[in-house]
Amino acid sequence: MSLDELTDKEQSSSEEIQVAQSDSKFRGLNPGPIPIPAAPSIRSLVDSVSDERLDVMASHQSENGSGSISTASSTVSSIESEKAAYEYLAQTPIKSTDAHLVEFSEAMRTVAKALRRVAEGKAAAQAEAAEWKRKYELEMAHKQQSKIKGCGSCVSNDLDKLASQLTLETSASDQLGCCGKHGICSHEVLQDVVPGPIPRPNHKMVGRKASFKLSWGCNGDKNGQHKHDFVSFEKGDITTAERSNKQILLKWESPPQTVLFITKPNSNNVHVLCAEMVRWLKEHKNINVFVEPRVSKELLTEDSSYNFIQTWDNDEEIKLLHTKVDLIVTLGGDGTVLWAASLFKGPVPPVVAFSLGSLGFMTPFPSEQYRECLDNVLNGPFSITLRNRLQCHVIRDAAKDELVTEDPILVLNEVTIDRGISSYLTYLECYCDSSFVTCVQGDGLIISTTSGSTAYSLAAGGSMVHPQVPGILFTPICPHSLSFRPLILPEYVTLRVQVPYNSRGHAWASFDGKDRRQLSPGDALICSISPWPVPTACVMDSTTDFLRSIQEGLHWNLRKSQSFDGPRD
Ligand SMILES: NC(=O)c1ccc[n+]([C@@H]2O[C@H](COP(=O)([O-])OP(=O)(O)OC[C@H]3O[C@@H](n4cnc5c(N)ncnc54)[C@H](O)[C@@H]3O)[C@@H](O)[C@H]2O)c1
Ligand SMILES: Nc1ncnc2c1ncn2[C@@H]1O[C@H](COP(=O)(O)OP(=O)(O)OP(=O)(O)O)[C@@H](O)[C@H]1O
């Protein structure tokens, strides 16, 4: 076959070639029949080897240091392999036979496979490095917290459990219950006098945060206790009769004293209601109130009698808010709940979300009845939904040798990786723990919590999932494939999304619809469930509130009933 014929043939066989390449690249399995590559395709194979060479060179430091790649039959240097490929090309006469080409294609495939394996090893090493960094940070946090008075053994247990969760060996439900067998103690990290801004003279000193206990129970369950051993092996029988998660109740053990308000900006309704609620809480419940700096300024400008409100001045003080605040009240829509959650990079106090938005999926409390609702919550007990968050790390290829990586970002809804302003398909390699999942070619990918399942993931065709279901949703955005169905993965996995070196463009990650970050070829995003969920108060209970939201918010399965008259069996 002449070169001209080969060039003509390339057009028609390009799809086959792409499939063959992706087989060898991503699965490392027997790729099946090999299409005969045309001359320009040989060139592209060499180019792809060249691209991957960069990857291999970059990964030498994190590999065993030998600077060589081990394959089943031989050890090949990536640079040598490329050189050899070019030499081979130079030696191959234009009138080479199909057999030569097939042989060459096989050789290139073997090299590509080996390079791929090295690239995967590198990505795994990066993921591992990120985990170790987090463990180190945990250790530092542990040291800091051990200075703080409280339930010392609980802190250490908690951190141990947290660390073990990071190694992805325990389920979230196992972490629960540090102080008591059937609940969670809230007072591991509290101290008598908390650091922070100096209170104004007429401020009541905040001593300790309110103490509470969580218990698990459901209607008709008399003992109301959570069974930890939900999988037991007795007399040779395995049973799952006792479920890990039942409706969770929060019962105050000491009265809550401090409430933080987070409010939607630029809304007059919200502003008026906030001013009214703040005053009511102070005058009728003697509650200390924190508001955002913007709101503090607004209220004090209007009326100096609001001088009892407290606020913060900088990020360091925000980091301490969780040690002072018993309850968060949000006034707005779902976006305000997301905003409130984003302020807390660690533990989050229970959130009471009042609906002042249009949809209000996570805002079940009616603002008109705020007195009654707040009374119920302040007195307790009340049901909560523990909403998992995803902890996302961006790992930069360019910063692979640096000790300090970017801070993790916590999302309540989802992290989205999309094509941003690029007009090319996103090209993303996805791994779940150490297994290759798939390669996304389309507009992007949504990695969502179950709370986020009714947000962007839903719009992209994902399932709606009850927020207490322990899972992570993997939902493609406009995949250019006929068979890419969304997945739901277990909560204990770590997902890694990598922009491959041979990607045509950049990808963009956004976190709960905010904080867009560019991902360049070689960069990766690593996500796992965070140990810090967002506890949201329920009006009724988790399930009733969820069903009410999908029925009233989304008009789920709304259809006129069929009339009685008409044909019958
Ligand atoms: N095509 C889409 O549906 C699409 C596109 C971009 C972003 N979003 C969503 O918007 C969220 C950010 O919300 P925002 O209020 O800051 O932006 P926004 O003001 O653009 O509002 C987005 C809409 O999504 C709704 N929403 C948010 N979280 C939800 C949830 N968990 N369940 C059901 N509905 C939910 C909100 O009520 C609002 O109506 C992102 O996390 C993402 O899920 C959706
Ligand atoms: N306290 C806040 N500070 C800064 N931005 C906020 C705050 N609260 C909410 N936002 C932002 O304001 C936007 C609108 O908020 P929200 O979604 O609560 O209102 P909405 O759009 O009226 O309600 P819905 O989402 O139900 O339609 C969101 O993008 C959110 O991130």
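**Group meeting: two ligands and the chain around them**

Let's start with N286, which is partly exposed, at 41% relative accessibility. That value falls between the 20% limit for buried and the 50% limit for exposed, so the label is partly exposed. N286 sits in the loop between α7 and β8, and β8 covers residues 288–291. Its phi is positive, about 50°, although N286 is not a glycine.

One caution before we go on. This is a predicted model.

Now to the other loop beside α7. N266 lies between β7 and α7. Its phi is near 60°, again positive in a residue other than glycine. Is N266 buried or exposed? It is exposed, with a relative accessible area of 84%. The cut-off for exposed is over 50%, so N266 qualifies.

Between those loops runs α7 itself. This helix spans residues 268–285, and L281 is part of it. L281 has a relative accessible area of 0%, so it counts as buried. Look across to Q257. The C-alpha atoms of Q257 and L281 are 10.0 Å apart, with their positions 24 residues apart along the chain.

Next, the ligands. Take ligand 2.

How many residues surround ligand 2? There are 17, and the closest are T263, K264, G333, T336 and S358. By class, that shell holds 8 polar, 5 charged and 4 nonpolar residues. Which elements supply at least two residues each? They are β7, residues 258–263, and α10, residues 334–342. The most comes from α10, with 4 residues.

Now the polar contacts of ligand 2. S358 uses a polar side-chain atom, 2.4 Å from an oxygen atom of ligand 2. G333 uses its backbone: an N or O atom there lies 2.7 Å from a ligand 2 oxygen. G335 also uses a backbone N or O atom, at 3.0 Å from an oxygen of ligand 2. And the cover? Alone, ligand 2 has 610 Å² of accessible area, and the protein covers 71% of it.

Over to ligand 1. Its shell has 16 residues, with D334, N413, E414, S451 and T454 as the closest. The classes here are 7 nonpolar, 5 polar and 4 charged. Helix α10 appears again: α10 and α12, residues 456–459, each give at least two residues to this shell. The largest share is from α10, with 3 residues.

What does D334 do at ligand 1? A side-chain N or O atom of D334 is 2.7 Å from an oxygen atom of ligand 1. N413 faces a nitrogen atom of ligand 1 instead, with a side-chain N or O atom at 2.9 Å. Y456 contributes a backbone N or O atom, 3.1 Å from an oxygen of ligand 1. On its own, ligand 1 exposes 770 Å², and the protein buries 63% of that.

Now the aromatics. How many aromatic pairs does the structure hold? The count is 7. Start with F212 and W252. Their ring centres are 5.7 Å apart and their planes meet at 85°, so the pair is edge-to-face. This pair joins distant parts of the chain, 40 residues apart. F212 is in strand β3, residues 212–217, and W252 is in strand β6, residues 247–252. Both F212 and W252 are buried. Another pair is Y306 with F308: it is tilted, at 6.0 Å between centres and 40° between planes. Y306 and F308 are buried too.

Back to F212 and W252 for a moment. They form one aromatic cluster together with F382. Just before F382 there is a point to check in the backbone. The peptide bond from G380 to P381 is cis, with omega near -10°. P381 belongs to the loop between α11, residues 370–379, and β12, residues 382–387.

Charges sit over rings as well. The charged end of R279 is over the ring of Y306, 4.3 Å from the ring centre. R496 places its charged end over the ring of Y431, also 4.3 Å from the centre.

Last stop, T323. Where is T323? It is in the loop between α9, residues 315–320, and β9, residues 327–332. Its relative accessible area is 9%, so T323 is buried. A polar atom of the T323 side chain lies 2.5 Å from the backbone oxygen of L320.

That's the tour.

Conventions: Residues numbered from 1 in each chain as written. Chains lettered and ligands numbered in written order. Predicted model: local features only at pLDDT ≥ 70, side-chain atom pairs only at ≥ 80, totals over all residues. Heavy atoms only, no water. Near = heavy atom within 4 Å. Polar contact = N/O pair within 3.5 Å; in protein donor to acceptor, adjacent residues only side chain to side chain. Areas by Shrake-Rupley, 256 points an atom, 1.4 Å probe, with all protein chains shown as cover. Nonpolar A, V, L, I, M, F, W, Y, C, P; charged D, E, K, R; others polar. Buried < 20%, exposed > 50% of the residue type's maximum accessible area, 1.4 Å probe, protein only. Phe/Tyr/Trp six-rings, centres within 6.5 Å; stacked < 30°, edge-to-face > 60°. Lys NZ or Arg CZ within 6 Å of the ring centre and 35° of its normal.
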